[in-house]
Amino acid sequence: MRCGAPIVPDPFMSPDAGPRSERASLRPLIVMLALAVLGVLGWRWMHGGFGNADGGAGGTAANALPNAGAAASSPSTASGGAVSAIRAIDPATAEAVPGQLQRTDNAARGNADPRTTRRQRLAALQAQPSVALAIRDAAGADDAAINAFSLELLDYCLRNGSPMVKAQASNSSYAPGRMRAPTLKDPPDLFKSPAERTRMLESNRALVAGCAEFDAKRASDDVDSALARLAQRGAALPELMNLIGGTLNLSALTDAQFETIRRALAEQDPTTLALLGQLVQPALINAAIGAAPPSVAEARYFGEVTAPLAWQLALCQLGAWCGHESLWAREACFRFGACAGDDLATAIRAALTRDGLPADVLDKQAARFLDAITGGDPAALGLRRKKPPTP
């Protein structure tokens, strides 16, 4: 556990289900509508397609994340692992990189803690050739965090199952974007060797093939059953889903909205936090813009592109699996040609270097996001409650 971080209950560790909440029970049609909105949010966010990062999700902008604290280390439960472990962010250790994987020996694999075992299951789901089958497996699992991950799997195919994405990912001459604003001086091909392009094409083929059997209605039914189980456990994810598509003024949240977000932070479940990151993306983008180095020509472009990546790197510290075959790594490879290495962090750092940016330019921002999450206070993300009316 990071020094100074609050010890919070982990509802995803308990197999006991509480009483069913009628309010949180979502019908498949409602779930499908919410997930469609979520898919659009994810698509626009990953493409940096927000023309004005100052606008809230249906409301006014949140303040930028404060530059609070030095880099933080991850909870102790994120160390060791059957598949891999996420290294702590430790400024005193030169090789420590947020989101980088560390292999473990066979002896360590026999003593995996629950979060490590969970990360192994998440890795196995993401390595399945069929996302449709992975959704069904995740939705029917006996672990609430795995149930929640069925939403992330569905969102992945909603983002990447469109004809446009399929055409781009299947095109051998497809050119991904850069980690910074492009210039006329940039060479037409990002890749220095045929092997680099080959790796991207292989990853893109896997992205398309993974969603080939995806049926949105069937998948939404599976996710609906998972959300019902999560509601029985009192998890925050179903309530967070209810915020999608509504008016969410990040500078004037209602008490109920603020409390839902606080609960989502306290649970520290990666899928719940991934959804939260999409809902509060203006605040994350503003934080990344404010942290852009002086050498970056267009700070807004940089912030829109890198904010979601820094958020994902923070979630890697909290139990998300971020290996080369992970959903996030495949998307980073497709959208930005970030395909190198065995994990998301290595791929992003290589792409940053390729584009003339410091390899560690996102490390501090990822640490600040992690610090805000583990602190458990929505205000640390720049979110504010609605001021009471003046008497």
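**A partly exposed arginine, a helical trio and two aromatic pairs**

R349 has a relative accessibility of 23% and therefore counts as partly exposed, given that the buried class ends at 20%. The model in which this value was computed is a predicted one. R349 belongs to helix α15, which covers residues 344-354. Its C-alpha atom is separated by 8.5 Å from that of L362, a residue 13 places away along the chain.

The chain as a whole contains 16 helices and two strands. Of its 391 residues, 53% count as buried. Among contacts between residues at least 6 apart in sequence, 77% join residues at least 24 apart.

Helix α3 offers a suitable place to begin. This helix comprises residues 114-127, 14 residues in total, and extends 20 Å from its first C-alpha to its last, close to the 20 Å expected at 1.5 Å a residue. Its buried residues are R115, T116, R118, R119, L122, A123, L125 and Q126. As general background, an α-helix has 3.6 residues a turn, so residues three or four places apart point the same way.

Within α3, Q126 deserves separate attention. With a relative accessibility of 8%, Q126 counts as buried, because that value falls under the 20% limit. Leaving aside residues up to four places away in sequence, Q126 touches F149, W321, E325, S326 and L327.

The next step is the packing of α3 against helix α5, residues 144-160. Two packed helices are described by the angle between their axes and the distance between the axes. The axes of α3 and α5 come within 10 Å and cross at roughly 30 degrees. This angle makes α3 roughly parallel to α5, since angles under 35 degrees are placed in that class. The crossing of α3 past α5 is right-handed. In the contact between them, α3 contributes R118, R121, L122, L125 and Q126, while α5 contributes A145, I146 and F149.

Helix α5 also packs against α4, which spans residues 131-139; here the axes come within 7 Å and cross at roughly 160 degrees. The two helices are therefore roughly antiparallel to each other, as the class requires an angle over 145 degrees. The crossing of α4 past α5 is left-handed. On the α4 side the contact involves V131, A134, I135, A138 and A139, and these meet I146, N147, S150, L153, L154, Y156 and C157 in α5. I146 thus appears in the contact with α3 and again in the contact with α4.

The aromatic rings form a further part of the picture. A pair of aromatic rings is described by the distance of the centres and the angle of the planes. The count of aromatic pairs comes to two. In one of them, Y174 and F334 are stacked, with 4.9 Å from centre to centre and 20 degrees between the planes. Y174 lies in the loop between α6 (163-170) and α7 (194-210), whereas F334 lies in helix α14 (residues 327-336), so the pair ties together parts that are 160 residues apart in sequence. Both Y174 and F334 are buried.

The other pair consists of W311 and F369, whose ring centres are 5.4 Å apart and whose planes stand at 70 degrees, so this pair is edge-to-face. It likewise links distant parts of the chain: W311 is in helix α13 (residues 299-316) and F369 in helix α16 (residues 363-375), 58 residues apart. W311 and F369 are both buried.

Terms used. Residues are numbered from 1 along each chain as its sequence is written. This is a predicted model: local features need pLDDT of at least 70, side-chain atom pairs count only at pLDDT 80 or more; totals for chains, interfaces and linings use all residues. Side-chain values use heavy atoms; hydrogens and water are left out. Rings of Phe, Tyr and Trp (its six-membered ring) pair if their centres lie within 6.5 Å; planes under 30 degrees apart count as stacked, over 60 as edge-to-face and the rest as tilted. Helices (H or I, at least four residues) and strands (E, at least two) are DSSP runs, numbered from the N terminus. Buried means under 20% relative accessible area, exposed over 50%, partly exposed in between (1.4 Å probe, protein chains only). The expected span of a helix is 1.5 Å times one less than its number of residues. Axes are lines fitted to C-alpha atoms, for helices over the stretch in contact, and angles run from 0 to 180 degrees between N-to-C directions. Angles under 35 degrees count as roughly parallel, over 145 as roughly antiparallel, 65 to 115 as roughly perpendicular and the rest as oblique. A crossing is left-handed if the near helix is turned anticlockwise from the far one by less than a right angle, and right-handed if clockwise. Contact means heavy atoms within 4.5 Å.
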